[in-house]
Amino acid sequence: MCLLALPDSAAFCDGQMSPKSPPFFDELTPFCHHQADEAQHPLSEFNPQVAETVRFIRLEELLQLEAPLPRCQDLPEHVFGMLRAGDKLVAVSHGWRFQMHPDPYGMEIEPMRKLLREISTRHAEEEGETFVFVDFLAIPQRPFRREQAERTEDEEETFREALLHMDAVFLYADFWIHLEMPMDAPADDGFVHTVQSQAGQCWDLRDLDGIVQCTATHSFDTILAIDGVAVETADATAKSLANAAHAVVSLQRRPFGIPNEVPCAERGWVFLERFITMVAIASFEDRGSALEDVVFSNSASVLREIRSGAERLSAAAKVSPVYCDSDNPLEAMVKAKRWSAFELRETCRNFEAQMRSKRFSAASTDKFLNPALRSTSSLHSDGSPVSPTGGAPDAKFVAGVMRGLVKRLGERRREVERLRWRESPSSSAAPGGEGGEGGEGGEGGEG
């Protein structure tokens with residue numbers, strides 16, 4: 001997840017968006033780890049605001065948690081820690097199954113544990129602690145059980161601020177876990193049942209884009225009808241229930257809210273997290289070994305996707321060999337920058353086309369209730385979320401993030417190549433930072 005100062009941009013967390021965006025790339029251009037201050041973790045150096053809003057759980061503490069994972073604010077303080085020099089950060093990408101909880105039945109826990117243990121075993125000799133970023137454990141969440149309290153005002157503010165920075169976590173992580181899990185809901189989720197409503201009974205209801213959802217007695221069930229008459233709005237439903245001495249209420253069982261059964265491979269936000277990982281890997285000197293050491297998944301196809309994408313991005317950012325034998329170093333660099341900029345733009349367009357085939361269909365309560373966070377997402381009559389393919393503003397935002405990442409990748413390569421020209425005995429003039437025409441795609445130089 002990665003931030004840009006672009007028009008109509010937003011921060012995101014599996015479908016949750018914020019209408020604001022700090023000038024992340026304008027201020028924090030480098031994202032290759034060896035460029036960081038050795039006294040700090042790269043994330044702490046290049047985005048210090050993260051420490052104020054996003055929590056990182058210690059790996060050994062996460063391994064002890066059982067399903068369903070608790071909310072961030074319900075965990076004791078000692079399970080979290082601050083990133084320091086020598087520490088390692090694992091960013092976990094996964095899809096949310098339900099509106100109120102990403103994985104209430106614990107389907108992801110064992111695959112995630114297995115991959116975390118693999119990381120721990122492979123890098124056991126390295127110094128420092130290992131921390132993990134899991135969005136549900138990283139920022140304050142809404143209740144997923146009746147007895148839980150809503151977020152406080154301070155927690156709401158932390159939540160909104162954190163959305164502006166969580167994407168940076170993926171860019172500056174040391175390891176990445178990409179989970180690919182089936183998104184089928186349990187068989188008893190969604191079955192229709194009826195209850196008798198009595199006069200004076202309390203019904204806490206809310207509108208969620210065309211459906212009426214309970215938030216109290218009947219957990220997060222959807223109200224379908226009262227005495228056989230379909231409901232329309234929360235206010236009208238509440239009045240009908242208040243005025244009826246007895247009423248038969250038809251409910252659709254949703255213990256954890258609206259399900260999202262869109263496969264991970266078809267989700268736009270998951271695609272963006274994978275793309276950011278591709279860009280990070282493409283910035284490494286030794287991309288092949290780097291991917292095997294730092295990217296983990298329970299799906300071989302996901303690993304192939306990320307490897308292929310990183311190789312495509314890296315190849316697009318290279319200096320064309322056609323210009324390497326030029327007698328004029330400055331002319332060679334200018335030509336190479338133009339060539340690389342074109343290649344990067346075309347490569348980014350191809351990735352954008354792939355992204356626009358994805359679906360932005362997260363069932364986020366914050367997105368439903370806050371108009372500033374909403375996209376074109378809608379719901380089927382059964383309550384399942386759906387969004388037109390490539391719907392705006394989600395797809396538009398993601399495209400902007402992708403372009404910014406590719407641009408900075410090109411600029412990173414240009415800096416490396418400039419250093420090589422300066423160190424070359426045959427170079428009579430070192431290309432300046434403003435020389436040539438880079439364009440939006442960035443400039444070349446293999447790094």
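**Exercise 1. Count the salt bridges, then take one apart.**

Task: How many salt bridges does the count come to, and which parts of the chain does the pair of Arg 113 and Glu 66 tie together?

Solution. Start with the total: the count comes to 22 salt bridges. Keep in mind that we're working with a predicted model.

Step 1: check the distance. The closest N and O atoms of Arg 113 and Glu 66 are 3.4 Å apart, and the cut-off is within 4 Å, so the pair qualifies as a salt bridge.

Step 2: place the partners. Arg 113 sits in helix H5 (residues 109–122), while Glu 66 belongs to the loop between helix H4 (59–62) and strand E4 (80–81). The salt bridge therefore ties together parts that are 47 residues apart in sequence.

Step 3: look at the exposure. Arg 113 has a relative accessible area of 11% and is buried. Glu 66, at 53%, is exposed.

**Exercise 2. Grow the pair into a network.**

Task: Which residues are linked with Arg 113 in a network of salt bridges?

Solution. Begin with another partner of Arg 113. Glu 110 forms a salt bridge with Arg 113, with 3.5 Å between the closest N and O atoms. Both residues lie in helix H5, 3 residues apart, which is about one turn of the helix. Glu 110 is partly exposed, its relative accessible area being 45%.

Now put the pieces together: the network links Glu 66, Glu 110, Arg 113 and Arg 117.

**Exercise 3. A bridge between two helices.**

Task: Where in the chain do Arg 403 and Glu 352 lie, and is Glu 352 buried or exposed?

Solution. First the geometry: a salt bridge joins the side chains of Arg 403 and Glu 352, at 2.8 Å from N to O. Next the location: Arg 403 is in helix H15 (residues 394–423) and Glu 352 is in helix H13 (residues 329–355). That makes it a link between distant parts of the chain, 51 residues apart.

Then the exposure. Glu 352 is buried, with a relative accessible area of 9%. Arg 403 comes out as partly exposed, at 32%.

**Exercise 4. Map the negative patch.**

Task: Which helix gives the most to the negative patch, and where does Glu 52 lie?

Solution. List the members: Glu 52, Glu 153, Asp 154, Glu 157 and Glu 161 form a negative surface patch. Helix H7 (residues 153–162) gives the most, with 4 residues. Glu 52 lies in helix H3 (residues 50–53), and it is exposed, with a relative accessible area of 66%.

Now a follow-up: why is Glu 156 not eligible for the patch, given its relative accessible area? Glu 156 is also in helix H7, but its relative accessible area is 19%. A patch takes residues with over 30%, so Glu 156 falls short of that cut-off. Leaving out residues up to four places away in sequence, Glu 156 touches Arg 142 and Arg 151.

**Exercise 5. Read the loops.**

Task: Which peptide bond is cis, and what is phi of Asp 227 near?

Solution. Take the cis bond: the peptide bond from Ala 67 to Pro 68 is cis, with omega near -10 degrees. Pro 68 is in the loop between H4 and E4, and Glu 66 from the opening exercise is placed in that loop too.

On to Asp 227. Phi is near 50 degrees there, a positive value in a residue other than glycine. Asp 227 lies in the loop between strand E11 (222–226) and strand E12 (229–230). Asp 227 is partly exposed, with a relative accessible area of 47%.

One more loop residue is Asp 174, found between helix H8 (166–172) and strand E7 (175–178). Asp 174 is buried, at 11% relative accessible area. Its C-alpha atom is separated by 9.1 Å from that of Asp 87, although the two residues are 87 residues apart along the chain.

**Exercise 6. Zoom out.**

Task: How many helices and strands are there in the protein, and what share of the residues counts as buried?

Solution. The protein has 15 helices and 16 strands. Of its 447 residues, 56% count as buried. For the surface, the accessible area comes to about 18,700 Å², and 49% of it belongs to carbon and sulfur atoms.

Finish with the contacts: among those with a separation of 6 or more, 77% are between residues 24 or more positions apart.

Definitions and conventions. Residues numbered from 1 in each chain as written. Predicted model: local features only at pLDDT ≥ 70, side-chain atom pairs only at ≥ 80, totals over all residues. Heavy atoms only, no water. Buried < 20%, exposed > 50% of the residue type's maximum accessible area, 1.4 Å probe, protein only. Patch = residues over 30% accessible without salt bridge, like charges linked within 9 Å, V, L, I, M, F, W, Y side chains within 5 Å. Areas by Shrake-Rupley, 256 points an atom, 1.4 Å probe, with all protein chains shown as cover. Lys, Arg positive; Asp, Glu negative; His and termini not counted. Charge placed at Lys NZ, Arg CZ, Asp CG, Glu CD. Contact = heavy atoms within 4.5 Å.
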